[in-house]
Amino acid sequence: MAGILAWFWNERFWLPHNVTWADLKNTDEATFPQAEDLYLACPLAFCIFMIRLVFERFIARPCAMGLKIQANGPQKAQPNAILEKVFTAITKHPDEKRLEGLSKQLDWDVRTIQRWFRQRRNQEKPSTLLQMSQYVNKSNTLLNCLQTPWLWNTKECWYNYPYQPLTVDIHYYYILELSFYLSVLFSRFTDIKRKDFLIMFLHHVATISLIVFSYVNNMARVGTLVMCLHDAADILIEAAKMANYAKCQMLCNLLFAMFAILFISFRLGVYPIWILNTTLFESWEIVGPYPSWWVFNLLLLLLQLLHSFWSYLIVKTACRAISKGKVGRWNPLHVSKDDRSDIESSSDEDESFPSNQKHHTSSTNGTNKNGANKNGTNGYLTGASYPDEH
């Protein structure tokens, strides 16, 4: 075990040339980042996670209900043992061939089976009330770093590096940020499962790695800038979604527009021009590269790729919303069906099947279904129609 730890904390990986861990020990005159400081983040992350659950249940939910946000979830699919077995054991998205086979087996028309699978998928989605209560809780506090000199002159991040004393406010900011992202990483597995689950998971892993890397090798100054820049726009999109669920349309539109402008300008403008410039070029000039420097910058470049992807989604959402706004009310978080949508649209899947599919006539279905019910066959089939979900 000692050999593994010695290999992991190899000075030639973490620190610049001719710098050792002994050089960064705390003294009476200066305090430096210590790896063991980050251990505090683990129990704190668990506390944040538990506080969040209590907050959602006893504060956010009553507030959401006070705004008359619906507590009921999507319409439940009619119980059917055969379709349920296919859904749970085989596929949640049956192809045309399987739909045809199920249609013959159950004597249901294909469209009814399509609707059943959509409703069954939507049945696993949470209610708007639950979404609202989760979004209320996702705001985190920004560090007030306007008085730090390296905010305006990024070369200050590298002067006298790595012998830069750690201030108390930056120390606690790092612990809180790491705790927050660890708690969010935990909640990925308990929250609403969205289409961008893997991308967000990758984002959180990269963020946690960057926080740890920048703290351990005392890149705390530039790390502070990265965290502040990322925190700035997050609260706006959460507020926009809450306004959308509360049906405050004008506020939702305003917040979404502010978020889009801030997100794109910060993450496609400020981030590469300001942050990547100093970590790639100014640090190379002043400090020079070393192994963990390469890892740190690769993680920053990975974040830039994620920024570009999300900016594309934001622009696409805004364009769809504006085009839809020509004939109706502009809702940027709904018109585009939200690239992180919670409820599927029925029209998309209906159009994915050829119009010449085999469909049983409604009169045939009604006769057979009634007969099946009288004979006790299957016991779940009825002649009732399934309304399209929205």
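**Figure 1. Overall view of the protein chain in the predicted model.** The protein chain exposes about 20,300 Å², and carbon and sulfur atoms supply 63% of that area. Of its 390 residues, 48% are buried. The chain contains 14 helices and 0 strands, so that its pattern along the sequence reads α-α-α-α-α-α-α-α-α-α-α-α-α-α. Among contacts between residues at least 6 apart in sequence, 79% join residues at least 24 apart.

**Figure 2. Close-up of the pairing of helix 8 with helix 9.** Helix 8 spans residues 168-187 and helix 9 spans residues 197-216. Their axes come within 10 Å and cross at roughly 155°. An angle over 145 degrees counts as roughly antiparallel, and helix 8 and helix 9 are therefore roughly antiparallel to each other. The crossing of helix 8 past helix 9 is left-handed. By class, the contact between these two helices has 12 nonpolar, 5 polar and 1 charged residues.

**Figure 3. Residues at the contact of helix 8 with helix 9.** Helix 8 contributes His171, Tyr174, Glu177, Leu178, Tyr181, Leu182, Val184 and Leu185. On the side of helix 9, the residues they meet are Phe201, His203, His204, Val205, Thr207, Ile208, Ile211, Val212, Ser214 and Tyr215.

**Figure 4. Close-up of the pairing of helix 11 with helix 12.** Helix 11 covers residues 249-286, and helix 12 covers residues 291-324. The two axes come within 10 Å, with a crossing angle of roughly 160°. Helix 11 and helix 12 are therefore roughly antiparallel to each other. Helix 11 passes helix 12 in a left-handed crossing. The contact of helix 11 with helix 12 comprises, by class, 21 nonpolar, 8 polar and 1 charged residues.

**Figure 5. Close-up of the loop between helix 7 and helix 8, with Asn160 and Pro162.** Helix 7 covers residues 128-136. Most residues other than glycine have a negative phi, and most peptide bonds are trans. In this loop, Asn160 has a positive phi, near 60°, in a residue other than glycine. Asn160 counts as exposed because its relative accessibility is 53%. A cis peptide bond joins Tyr161 and Pro162, with omega at about 5°. Pro162 is itself found in the loop between helix 7 and helix 8.

**Figure 6. Close-up of Asn160 and Ile286.** Asn160, from the loop between helix 7 and helix 8, is 126 residues apart from Ile286 in sequence. In space, the C-alpha to C-alpha separation of Asn160 and Ile286 is 9.2 Å.

**Figure 7. Close-up of Asn18 in the loop between helix 2 and helix 3.** Helix 2 covers residues 11-14 and helix 3 covers residues 41-66. Asn18 is not a glycine, yet its phi is positive, at about 70°. With a relative accessibility of 61%, Asn18 counts as exposed, the threshold for that class being over 50%.

Terms used. Residues are numbered from 1 along each chain as its sequence is written. This is a predicted model: local features need pLDDT of at least 70, side-chain atom pairs count only at pLDDT 80 or more; totals for chains, interfaces and linings use all residues. Side-chain values use heavy atoms; hydrogens and water are left out. Helices (H or I, at least four residues) and strands (E, at least two) are DSSP runs, numbered from the N terminus. Buried means under 20% relative accessible area, exposed over 50%, partly exposed in between (1.4 Å probe, protein chains only). Contact means heavy atoms within 4.5 Å. Accessible areas come from the Shrake-Rupley method with a 1.4 Å probe; for residues, only the protein chains shown count as cover. Axes are lines fitted to C-alpha atoms, for helices over the stretch in contact, and angles run from 0 to 180 degrees between N-to-C directions. Angles under 35 degrees count as roughly parallel, over 145 as roughly antiparallel, 65 to 115 as roughly perpendicular and the rest as oblique. A crossing is left-handed if the near helix is turned anticlockwise from the far one by less than a right angle, and right-handed if clockwise. Ala, Val, Leu, Ile, Met, Phe, Trp, Tyr, Cys and Pro count as nonpolar, Asp, Glu, Lys and Arg as charged, and the others, Gly among them, as polar.
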